[in-house]
Amino acid sequence: MPTLADLVRSHTDLSAEDVAWLQLLQADWQIIADLSFADLVLWLPDRAGAGFWAAGQMRPTTGPTAYVDDVVGTFVPAGRRPLLDAAYAEGRLVREGDPEWRDDVPVRVETIPVRRAGRVIAVVARNTNLLGVRTPSRLELSYLQTAADLTQMIAHGRFPAPGQRSDHADSPRVGDGFLRVDALGRVAYASPNALSVYRRLGLSGDLAGLSLADLTRELVPPRRRPDEETLSAVLGGRAHRDTEIGTDTVSLIVRSIPLRPQGTRIGALVLVRDVTDLRRRDRELVTKDATIREIHHRVKNNLQTVAALLRLQARRIDSEAAKMALEEAVRRVGSIAIVHETLSQAGEENVDFDEIADRLSSMVIEVSAVAGRVRVLRDGEFGALPSESATALAMVLTEVLQNAVEHGYEVDRDAEPVVPEDLSRLGEADGDGGTIRLTVRRNDGRLRITVDDDGRGLPEDFDLDGSTNLGLSIVRTLVESELGGRLELGAVPGACGTRAAVDVPLV
């Protein structure tokens, strides 16, 4: 289905400012559809004057639809829908004409010119399914009168209101609670749902005739309501804005749309919604997120304690082989701890793995026998990864980097360590320096990681399938079983050294 921007670009001469105006209109036209009990269709004039393109459609939630199928993207030639032609050419609301019949359903069609900066830029067709029309109640009459005021404002370029839109994703709708206030801010009509909302705040009587702003001040404590200017502007119906109010047990969102069908404000449409349950869920989610982060923090602390105990045990062992095994265990535990530390600081279960990869690279080099003589350079970005994948991938990366350091470079135990100021010595052909290149690519839903070292390379008789190296066994298990990927190990193409390649799907 084409978007508004697609249709404007392909078929009209509307400016960017015109498109922004139409987008503001569409942001609020669910309200008009619900008040009208009718479907709305936005029609754009073709640049060649050949007809109109349907660029938007909104069905009512308060009545039956007049359209079974979507019409966005369809074209109506000039002359086929006279009401569209008249509204666009004459710049007036057009209501005359007999009902149309669609799938044995009578539909009343009205057209509303959309005016901006003194010119008509589009037409909104209001389509009412007449089978859903019944004897109107006071609520329905109030809805229809308010809809008529808003359509007059559209035709005169007074609606939508320019400026920033509401940042409330749970902004109230007509069915949540509808009030109409007069020019002085007194309630002229309140729907049963709106009355129920205010009863939850503590109202005992009726709303009719009361000043909505004054009543709200009595029911809502000062600490739970906005500043006086915002309260008066929204509850008095003077500003196109919304705000949140409530008590210790009830939370409401209130939205106001001033009504100026002839230019002078005659009152306002005020919508209210009880969001108490939503706010309670929000608080529960915040508490849950904080609990999860605290768990990750405690896991990290516990892992660091385990690592410290292993280091202490390693110092008390005389066997070099046993000591090295414990040091490897410390490194593996540390790599998992880094993931949990990152998760304890993140606001969600996805983590920025680039930071983790850089910290793991530094950790592997710093604790190795070639510290200061080998560096790791990263090319590409891991991006955000789920925590389940991040933990396994951290282990894989640690083992691969450790193998590159441990088996790729000769270590002279008697050589003086290279201090950071001697980085110019890195890569020198002295048998002790070198560069490990970590390359990361994300393509077609997969993550490919290659680790190339410029060390002495693999033994001639090396066989990955037959290898008994514990680190490689861990890597293969994690890559193939945990991550569902592939591991390759071989020579760097066209150069000396070893390449380890890991290819895993991005979940």
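## Overall fold

Helices (H or I, at least four residues) and strands (E, at least two) are here DSSP runs, numbered from the N terminus. By that count the protein has 12 helices and 18 strands. The model is predicted. Of its 507 residues, 49% are buried. If contacts between residues at least 6 apart in sequence are considered, 62% of them join residues at least 24 apart.

## Confidence

The pLDDT averages 86 over the protein, and 89% of the residues score at least 70. The stretch 412–432 has a pLDDT below 50, although in the model this stretch makes 24 contacts beyond near neighbours in sequence. Where pLDDT is low, the predicted coordinates should not be read in detail.

## The largest cavity

Counting cavities of 30 Å³ or more gives 2. The volume of the largest cavity is about 40 Å³. Its lining consists of Val 396, Leu 397, Val 400, Ile 449, Val 451, Ala 500 and Val 502. Sorted by class, these are 7 nonpolar residues, with no polar and no charged residues in the lining.

Three elements each supply at least two residues of this lining: helix H11 (387–408), strand S16 (446–453) and strand S18 (498–505). Helix H11 provides the largest share, with 3 residues.

## Ala 501 in strand S18

Strand S18 also holds Ala 501. Ala 501 has a relative accessibility of 2% and counts as buried, because buried means under 20% relative accessible area. Apart from neighbours within four places in sequence, the contacts of Ala 501 are Arg 448, Ile 449, Thr 450, Arg 486, Leu 487 and Glu 488. One of these, Ile 449, is also among the residues that line the largest cavity.

A separate distance concerns Leu 489, which is 12 residues from Ala 501 in sequence. The C-alpha atoms of Ala 501 and Leu 489 are 6.4 Å apart.

## Strand S11 and its partners

Strand S11 covers residues 267–274, and 6 of its 8 residues are buried, so the rest of the structure largely encloses this strand. Two pairings of S11 can be described. Strand S7 (residues 178–182) runs antiparallel to S11 and is joined to it by 5 bridges. In this pairing, Ala 268 of S11 stands opposite Val 181.

Strand S10 (residues 251–259) pairs with S11 as well, again in the antiparallel sense, over 8 bridges. Here Val 270 in S11 is the bridge partner of Ser 256.

## Ile 154 and the loop after helix H4

Is Ile 154, a residue of helix H4, buried or exposed? With 2% relative accessibility, Ile 154 counts as buried. Setting aside residues up to four places away in sequence, Ile 154 touches Leu 25, Ile 32, Ile 112, Pro 113, Val 114, Arg 115 and Phe 159. Pro 261 is 107 residues from Ile 154 along the chain, and the C-alpha atoms of the two are separated by 8.6 Å.

Phe 159, one of the residues that Ile 154 touches, precedes a cis peptide bond: the bond from Phe 159 to Pro 160 has omega near 10°. Pro 160 sits in the loop between helix H4 (138–155) and S7. S7 is the strand that pairs with S11 through 5 bridges.

## Positive phi at the ends of S5

Which residue in the loop between strand S4 (100–102) and strand S5 (105–116) has an unusual sign of phi to check? That loop contains Asp 103. The phi of Asp 103 is near 55°, a positive value in a residue other than glycine. Asp 103 has a relative accessible area of 63% and is exposed, because exposed means over 50%.

Ala 117 lies in the loop between S5 and strand S6 (119–129). The phi of Ala 117 is also near 55°, and this residue too is not glycine. Its relative accessibility is 67%, so Ala 117 counts as exposed.

How values were computed. Residues are numbered from 1 along each chain as its sequence is written. This is a predicted model: local features need pLDDT of at least 70, side-chain atom pairs count only at pLDDT 80 or more; totals for chains, interfaces and linings use all residues. Side-chain values use heavy atoms; hydrogens and water are left out. On a 1 Å grid over the protein atoms alone, a cavity is a set of points where a 1.4 Å probe fits but cannot get out, and a pocket is an open set with protein on both sides within 12 Å along at least five of seven lines; lining residues have an atom within 4 Å of a point. Grid points are joined across faces, edges and corners, and a volume is the space filled by probe spheres set on the points. Ala, Val, Leu, Ile, Met, Phe, Trp, Tyr, Cys and Pro count as nonpolar, Asp, Glu, Lys and Arg as charged, and the others, Gly among them, as polar. Buried means under 20% relative accessible area, exposed over 50%, partly exposed in between (1.4 Å probe, protein chains only). Two strands pair if DSSP finds at least two bridges between them. pLDDT is the predictor's confidence in each residue, from 0 to 100. Contact means heavy atoms within 4.5 Å.
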